[in-house]
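The following exercises concern cysteines, aromatic rings, charged side chains and strand pairing. Each task is followed by a worked solution.

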Amino acid sequence: MPFVHNLDPRWIEDLYRRWRHNPAEVGEDWRAFFAGFALAEESGVCPRSCVDPEFALKQSGVQSLIYRYRDIGHLLACTDPLNPCPISHPLLDLANFGLTGTDLDTVFHTRRFPKPHATLREILEVMQQTYCRSVGVEFMHIQDPDERQWLKDRMESTRNRPTFSAEEKRTILEQLLRAGLFEQFLHRKFLGQKRFSLEGAETLIPVLHSLVDAANRLDIRDLVLGMAHRGRLNVLANIFHKPLETIFAEFQDNLQYAFVGDGDVKYHKGFSCDIPPVGRHGLHLSLASNPSHLEAVDGVVVGKSRARQDYYGSDGEAVLPLLIHGDAAFAGQGMVAETLNLSQLEGYAVGGTLHIVINNQIGFTTAAPEARSTHYATDVAKMLQIPVFHVHGEDPEAAVHAARLAFEYRNRFAKDAVVELICYRRQGHNEGDEPAFTQPLMVEKIKARPPVHELYAERLVEEGVARSEVDALSAGILARLDKALEGEQPQPDGGFHGKWKDIRRAYGPTDDVPTAVPAERLRALAERLVEVPEGFSLHPKLDKFLRQRLDAVKDGTGIDWANAEALAFAGLLAEGHSVRLSGQDSRRGTFSQRHAALFDMENGRPYLPLQAVAAEGARFHCYNSMLSEAAVLGFEYGYAIESPYGLVIWEAQFGDFANGAQVIIDQFIVSSGSKWDRMCGLVMFLPHGYEGQGAEHSSARIERFLQLCANDNLQVCYPTTPAQLFHLLRRQLKQPFRRPLVVFTPKSLLRHPACRSTLHDLSAGRFREILADTETDPARVRRVLVCSGKVYYDLAARRAELKNAEVALIRVEQLYPLRRDLLAEVLKPYARVPDIFWVQEEPRNNGAWSFMAPHLARALGRHVRYIGRAEAAAPAVGSHRLFKQQQEELLAAAFGSEKATTNGHE
């Protein structure tokens with residue numbers, strides 16, 4: 001009751017008398033307050049005088065003091081190895097609580113404290129030892145009292161320093177020696193080479209070793225780790241047991257066994273291994289590959305973990321996600337906040353992620369005051385109401401304790417937890433840098449610090465460990481390093497394993513991939529998709545909407561885009577494939593076209609009809625994502641690389657919103673197969689089409705994706721019919737390989753009366769990469785328009801309006817990998833046609849023109865001319881009137897009208 005200090009003692013005394021007469025006359029809080037004094041008086045701990053108003057104020061001050069130590073005691077914690085420990089803080093002075101040194105031996109009643117009664121001296125000792133030594137803790141911002149009490153009970157009972165056994169201490173020493181001697185060995189043998197040393201933060205290794213052991217003992221089956229380059233090689237060598245011979249060969253650029261594709265630098269690569277079981281299962285460790293974009297991997301790790309949890313059918317107890325961050329990146333990168341925000345969302349929760357922040361007190365050359373506006377590098381994490389442990393980086397026992405406590409909290413409350421190791425960086429940003437150029441004072445302090453393995457070894461020697469034992473440990477580690485340097489590299493197994501073992505690495509034609517579904521089965525699935533549970537109150541408009549869908553399937557004609565999509569999902573689910581779709585407003589659909597989730601009008605409960613058709617073991621997941629692209633797309637990429645037989649789709653609200661996730665597209669989706677041999681079947685739905693909605697709602701930036709295409713790394717498609725979408729989605733799982741699929745999806749075509757398919761289109765055939773013109777006679781054609789996507793319908797409508805049978809329309813449905821053989825075959829009948837054009841809605845410097853022009857020229861043996869908008873800085877104009885004018889000019893030019901301008905056209 002901190003507010004007691006503001007009250008008149010005479011009023012408190014009157015309130016006390018009323019309580020003595022009748023406890024019901026005072027409030028519940030005051031009844032508890034006075035009852036504590038009565039108990040103390042009866043027990044003899046507190047004399048009668050302790051219930052007078054003056055003592056009541058002091059008693060209240062003690063409770064306030066305890067609260068404040070728990071709240072801000074971390075400001076007095078000794079956690080920085082480069083600076084003196086703080087010795088006082090004005091907010092913790094006794095005078096602030098109405099207390100003085102004369103009260104130190106006075107006995108006070110305590111609530112939610114290790115002892116029911118204690119002297120002020122004892123209380124201060126507990127508080128200072130718990131919160132002001134090598135571990136500082138922020139946890140009082142957590143609003144759940146059970147969580148706070150759980151943390152208090154575990155910290156204050158041990159003073160945040162539990163007793164470690166001799167064997168545990170020896171293990172910590174061995175891990176520190178492995179970490180420190182590994183870095184020193186690399187520094188001697190590969191002088192000047194980049195390795196992004198862990199020196200200064202070697203305590204990370206015993207922390208990780210302890211977490212791996214704890215996870216194994218808890219029968220966690222998978223630990224998925226993500227981290228940047230700092231210390232990655234040390235973690236690979238000492239936690240993942242990557243062969244030292246391979247690591248050294250990478251330093252020598254002398255790998256005997258070539259990697260697949262382009263490969264990557266050694267400190268970006270992933271790895272996995274299996275730890276022998278302690279309980280029922282062994283523990284599989286997986287280190288996700290990560291580019292230099294420091295926090296880009298965060299969402300990927302969480303997505304991988306969620307996919308594995310879904311595979312096991314667990315809510316977090318089977319898989320532990322663990323992210324290692326740098327201080328500057330944790331404070332500076334928006335991906336951190338986005339990933340934290342995913343943690344409690346239904347579609348993205350993983351039962352809590354452990355975060356370890358390696359605080360080097362510098363980012364490249366940027367000091368903390370230049371890098372963040374917050375006190376701690378970890379302050380963004382408090383948005384989640386989770387504990388943050390700040391630990392002295394040279395106190396490995398404190399660090400191991402904090403990590404274990406964070407792990408236990410995560411398991412108990414299914415929430416994230418953060419451990420910050422406050423340390424330093426002995427080398428520069430990389431081993432070729434000179435840090436003294438920018439941080440001369442810090443560098444001098446670091447030079448004066450012995451390595452942490454030496455400090456801890458001396459501590460154990462003082463405790464009675466023989467120095468010869470330490471020397472023997474060091475000698476054994478160095479001998480192993482020397483032997484590995486001269487040893488042969490183990491030959492890797494180049495095939496895929498586990499769930500991926502039957503997936504082919506190479507891309508190939510898909511002409512023989514069966515994607516059709518029998519008509520009777522489609523009708524049966526359509527019937528199931530309109531059923532709702534008994535008593536479910538469906539919105540009347542949606543009832544009509546669903547019945548119209550069913551009627552289209554029964555009639556065998558008029559199947560629209562969303563209907564074909566739902567049937568594709570249903571067919572895959574019925575065959576045992578899970579389907580996951582996520583994005584902003586994806587349940588309903590940005591354009592109110594999908595309605596994958598129906599909501600009861602009486603109670604608001606959702607019902608997903610597609611789940612009702614899923615075979616045993618298959619699941620349909622459809623989630624509205626938070627308003628983010630980067631973390632969510634990273635999550636879905638991570639989910640997809642763990643789900644080779646599931647259809648995983650990320651949908652942008654509008655196609656150009658993918659700009660917000662460009663780092664995930666560039667660094668993971670496009671290149672992970674080439675850099676890291678990690679295949680992925682992720683599908684991206686990007687709404688695209690010019691309808692006069694302005695620059696931000698027109699283009700999905702086709703040109704950017706085509707620029708990223710090489711070596712069959714992507715599939716880029718712009719389908720124009722519902723049947724094409726149906727077969728394309730089914731092909732994604734039926735083909736023997738996996739590649740990311742970029743689909744430019746429609747907006748206005750969702751309801752366009754011409755954009756319809758028949759039931760026969762779905763029950764026969766397959767996806768066609770090139771669609772020939774079936775409405776004209778090649779012998780009569782005098783003009784050929786090659787296009788892709790929505791513009792086809794504008795061209796077809798104009799051709800019908802003009803009754804022009806001399807113009808052929810050819811659609812390129814798959815832009816990459818471009819089937820040049822099919823393109824040449826379709827164009828062959830028009831070899832002598834003089835006018836062949838590429839037509840697109842996008843500006844000339846956008847869209848597919850730059851990509852298609854050389855392919856068309858090769859197929860025809862001559863130059864193909866362009867019809868479309870002129871080059872533009874923005875992808876579309878903001879004026880609807882100007883849009884319609886441009887569109888009319890485009891169509892006029894396409895059909896050779898004299899009204900056409902030369903704006904952008906050839």
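A residue is called buried when its relative accessible area is under 20%, and exposed when that area is over 50%; values in between count as partly exposed. The model treated in these exercises is predicted.

**Exercise 1. Determine which cysteines form a disulfide, and classify their accessibility.**

Solution. The criterion is a pair of cysteine sulfur atoms within 2.5 Å. The sulfur atoms of C78 and C85 are 1.7 Å apart, and the two residues form a disulfide. The structure holds one such bond. Next, accessibility is assigned: C78, at 18%, is buried, whereas C85, at 37%, is partly exposed.

**Exercise 2. Explain why C680 lacks a bond to the closest cysteine sulfur.**

Solution. The closest cysteine sulfur to that of C680 belongs to C709, and because the separation is 14 Å, the two are too far apart for a bond. C680 is buried, with a relative accessibility of 2%. A second case is C755, which takes part in no disulfide; the nearest cysteine sulfur, in C787, lies 13 Å away. C755 is likewise buried, at 0% relative accessible area.

**Exercise 3. Classify the ring pair of Y348 and F635, and locate both residues in the chain.**

Solution. Two quantities are needed, since a pair of aromatic rings is described by the distance of the centres and the angle of the planes. The structure holds 25 aromatic pairs. In the pair of Y348 and F635, the centres are 5.0 Å apart and the planes stand at 75°, which is edge-to-face. Y348 belongs to the loop between α12 (334–342) and β8 (354–359), while F635 lies in helix α22 (residues 630–641); the pair thus links distant parts of the chain, 287 residues apart. Both partners can then be classified: Y348 is buried at 1% relative accessibility, and F635 is buried at 0%.

The rings of Y637 and F668 also pair, with 5.5 Å between centres and 55° between planes, and this arrangement is tilted. Because Y637 lies in helix α22 and F668 in helix α23 (residues 662–669), the pair ties together parts 31 residues apart in sequence. Both Y637 and F668 are buried.

**Exercise 4. Identify which charged end sits over the ring of F251, and describe the ring cluster.**

Solution. F251 is joined with F185, F190 and F248 in a cluster linked by ring pairs. The charged end of K266 sits over the ring of F251, at 4.5 Å from its centre. Another lysine, K499, lies over the face of Y311, 4.8 Å from the ring centre.

Helix α9 (residues 244–251) contains E250. The relative accessible area of E250 is 11%, and this residue is buried. Its side chain makes a polar contact of 3.1 Å with the side chain of K269.

**Exercise 5. State the strand order of the five-stranded open sheet, and explain which strands stand at its edges.**

Solution. The order is β21-β23-β22-β25-β26, with mixed pairing. The edges are occupied by β21 (770–771) and β26 (865–869); each has a single partner strand, so one side of each is left without a neighbour in the sheet. At the β21 edge, the partner is strand β23 (residues 807–812), and the two pair in the antiparallel sense over two bridges. Within this pairing, L771 stands opposite R811 in β23.

Note on methods. Residues are numbered from 1 along each chain as its sequence is written. This is a predicted model: local features need pLDDT of at least 70, side-chain atom pairs count only at pLDDT 80 or more; totals for chains, interfaces and linings use all residues. Side-chain values use heavy atoms; hydrogens and water are left out. Buried means under 20% relative accessible area, exposed over 50%, partly exposed in between (1.4 Å probe, protein chains only). Rings of Phe, Tyr and Trp (its six-membered ring) pair if their centres lie within 6.5 Å; planes under 30 degrees apart count as stacked, over 60 as edge-to-face and the rest as tilted. Helices (H or I, at least four residues) and strands (E, at least two) are DSSP runs, numbered from the N terminus. A charge sits over a ring if NZ of Lys or CZ of Arg is within 6 Å of the ring centre and within 35 degrees of the ring normal. A polar contact is a pair of N or O atoms within 3.5 Å; within protein, one must be able to donate a hydrogen and the other to accept it, and residues adjacent in sequence count only if both atoms are side-chain atoms. Two strands pair if DSSP finds at least two bridges between them.
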